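Please open the structure in your viewer and keep the selection tool at hand. The tour below goes from stop to stop, saying at each one what to select and what is there.

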Amino acid sequence: MGKTEIKKINCDILIIGGGSAGLWAARSAKLKNPALHVVIADKANTDWGGLMSLSGGDLEVCMPPDSPDDWVKDFIYYWDGLCEQDVVADIWSHSWEIFEEYEKMGCQYLKKEDGAYQTVPQRSLGHVKLFPVKTKGTGGPDMRQCMIREMDRLQVTRMGRVEITELFKDGDRICGAAGFHIVTGEALLFSAKAVILCTGNMGWKPSYNNNTTSGEGQSLAFRAGARLRNCEFLHIWNVPKLFEWEGQTVLMPLGAKFVNRHGENFMEKYSPRLGANTDPHYITRGMALEMKAGRGPIRLDLSAIPESARPIIRPAAGRHLLHYEKLLEEGIDFFEDQFEWITQVQLGNGAIVTDGQGYTGIPGLYAAGRCRSIDPGVYMGGFALMTTAITGRQAGEEAAGYVSSVDSGTINGQEAEHSLEQTLAPLGKEGAAPKEVLRRIQALISHCDVSILKTEKALKMALEELQEIREEWIPNMGAADSHYLLKLEEVRAIANATEYNLTSALFRKDSRAGHYRADYPEHYDDWLCWTVLDNRDGRPVPSKMPVPIEGYKYPVERYYADNFTF
């Protein structure tokens, strides 16, 4: 390493990512064994709380006397059969516990005059419902503060501004990780009996609200030998053209609608039963078809939302209120004006295959939150905040049990030194700016026939273009300082995420949930399976993982996608 020194950190459990999943993982590990040395490493500020701190804080909760089995049946239908029934049943059977724990920690949720909780039905489903926070705009920050107090109480070590770039094994088990401090450039080497990946979705950095998730966790796991799943599914959101706004999952059930240039509620044409009260994936398909037919631009119309619902949707504090007030200063009232909306590729649902407790199959390696594969790309409000908490709690408890029965492994010093040398090599090197390479990848993935109305021809062309970027641009990136070295590492992960997505989307020759192939617009029985990716000499190789219906409690009898005709 020349003059560069390596700072060494020893711990029992290293948690990569300090959002909801990482915080819950640390909490459950310490509750199981208070003597454990647990370290959270996050590339952002210490204790920033991940996207939890930017969220509205609303939660999906299966509240007694609701039955988790009824929720499972809703998800089988909503996800077009791609549902791990046992895993989903376990998640929703614990959701009320999480809700009660948040309330005990100080979070507050909206109630009606009679004292019952206010709820919002989701996606026209029979049972799934959202519990809004008491004061819109405060929920996410309140959650963060509650969890940080828990970290202090349980003496969890937190390290901010740390980018993890490699995992190490001793034989077949994980024994540590390497990375660097993104401000000082200091090389870091972590020895750990177990690692929990809590790094969120893959992503393409489309806006300031989705500017952190880049898929580093998926890349780390894939290189270590873990399998990936659901990579063909993207989060295609509809967003205002001029700014970002969160809360659509509440607006639609209350009567909001999207209209085309002629003022037509066009989703009633594509789905007479559901209209716009559905997942953005279906709305963005309608938007794409309206634009192709020359009926754009698309606008949001909130005129049908009753005045009585305004306290649920109008921000009263926090980031959301600041955002709303800034828009008012610019002459835009989100709740009174109609303004143009566009489609946007935001996140990828490709994630790590685990068992029900977050174990990846690689001894000592666990995954939780949005980098653990659960859903096939169709989403609803409060889903991520609940599932990240539950899967984080599961993985933390499982990892704590594992490390109590194993000795510390040994990191190969030469391997670690070589890895860090390669990581730091671009520092001070002139070359392509990471942002320039990112924009090329963003342009590639954002094509309508690559992300929304997918075709074989477009997907193959995109893979060819990505290969050119890999060969001609990525090796020639430079980093003026350690901050830009972080950006370079993120772009490498984004390029990997793009390859995972395109490979899986080309492989799956049917349409279901968040994946639509214009050249295979139906769902077919032989595609009632997950697409999984295995690492073969560094490249993703797809195969089918059948949904084990014969071993599950409920059959697949109906498909949510059948509500639409595109």
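Begin by selecting D510, which is buried, with a relative accessible area of 0%, and bear in mind throughout that this is a predicted model. Add R508 to the selection: R508 is likewise buried, at 0% relative accessible area, and forms a salt bridge with D510 in which the closest N and O atoms are 3.1 Å apart.

Next, select E290 together with R295, a pair joined by a salt bridge whose closest N and O atoms are 2.8 Å apart. Here E290 is buried, with a relative accessible area of 0%, whereas R295 is partly exposed, with a relative accessible area of 23%.

For a third pair, select K129 and D66, whose side chains meet in a salt bridge at 2.6 Å, N to O. Because K129 lies in strand β5 (residues 129–131) and D66 in the loop between β3 (59–60) and α2 (68–78), the pair ties together parts that are 63 residues apart in sequence. K129 counts as buried, since its relative accessibility is 19% and the cut-off for buried is under 20%, while D66, with a relative accessible area of 28%, is partly exposed. A search of the whole structure finds 30 salt bridges, and those that share partners join R27, E97, E101, E150, R153 and R393 into one network.

Now show helix α1 (residues 20–32) and helix α5 (residues 139–154), which pack at an angle of about 30° with their axes 10 Å apart, α1 passing α5 in a left-handed crossing. To see where they meet, select L23, W24, A26, R27, K30 and L31 in α1, and M147, I148, E150, M151, R153 and L154 in α5. By class, this contact has eight nonpolar, no polar and four charged residues.

The last stop is the interior, and in soluble globular proteins nonpolar side chains tend to be buried together. The largest nonpolar core has 115 residues, and those with the most contacts inside it are I13, F75, Y102, I196 and F334. Colour helix α12 (residues 383–403) as well, as this helix gives the most to the core, with 11 residues. Which residues is F334 in contact with, leaving aside its neighbours within four places in sequence? They are F243, W245, L251, L300, L302, Y324, F339 and W341. Apart from this core lies another, of 76 residues, and to find it you can select L167, C371, L420 and L444, which are among its members.

How values were computed. Residues are numbered from 1 along each chain as its sequence is written. This is a predicted model: local features need pLDDT of at least 70, side-chain atom pairs count only at pLDDT 80 or more; totals for chains, interfaces and linings use all residues. Side-chain values use heavy atoms; hydrogens and water are left out. Axes are lines fitted to C-alpha atoms, for helices over the stretch in contact, and angles run from 0 to 180 degrees between N-to-C directions. Helices (H or I, at least four residues) and strands (E, at least two) are DSSP runs, numbered from the N terminus. A crossing is left-handed if the near helix is turned anticlockwise from the far one by less than a right angle, and right-handed if clockwise. Contact means heavy atoms within 4.5 Å. Ala, Val, Leu, Ile, Met, Phe, Trp, Tyr, Cys and Pro count as nonpolar, Asp, Glu, Lys and Arg as charged, and the others, Gly among them, as polar. A nonpolar core is a set of buried Ala, Val, Leu, Ile, Met, Phe, Trp, Tyr and Cys residues joined through side-chain atoms within 4.5 Å. Buried means under 20% relative accessible area, exposed over 50%, partly exposed in between (1.4 Å probe, protein chains only). A salt bridge is a side-chain nitrogen of Lys or Arg within 4 Å of a carboxyl oxygen of Asp or Glu.
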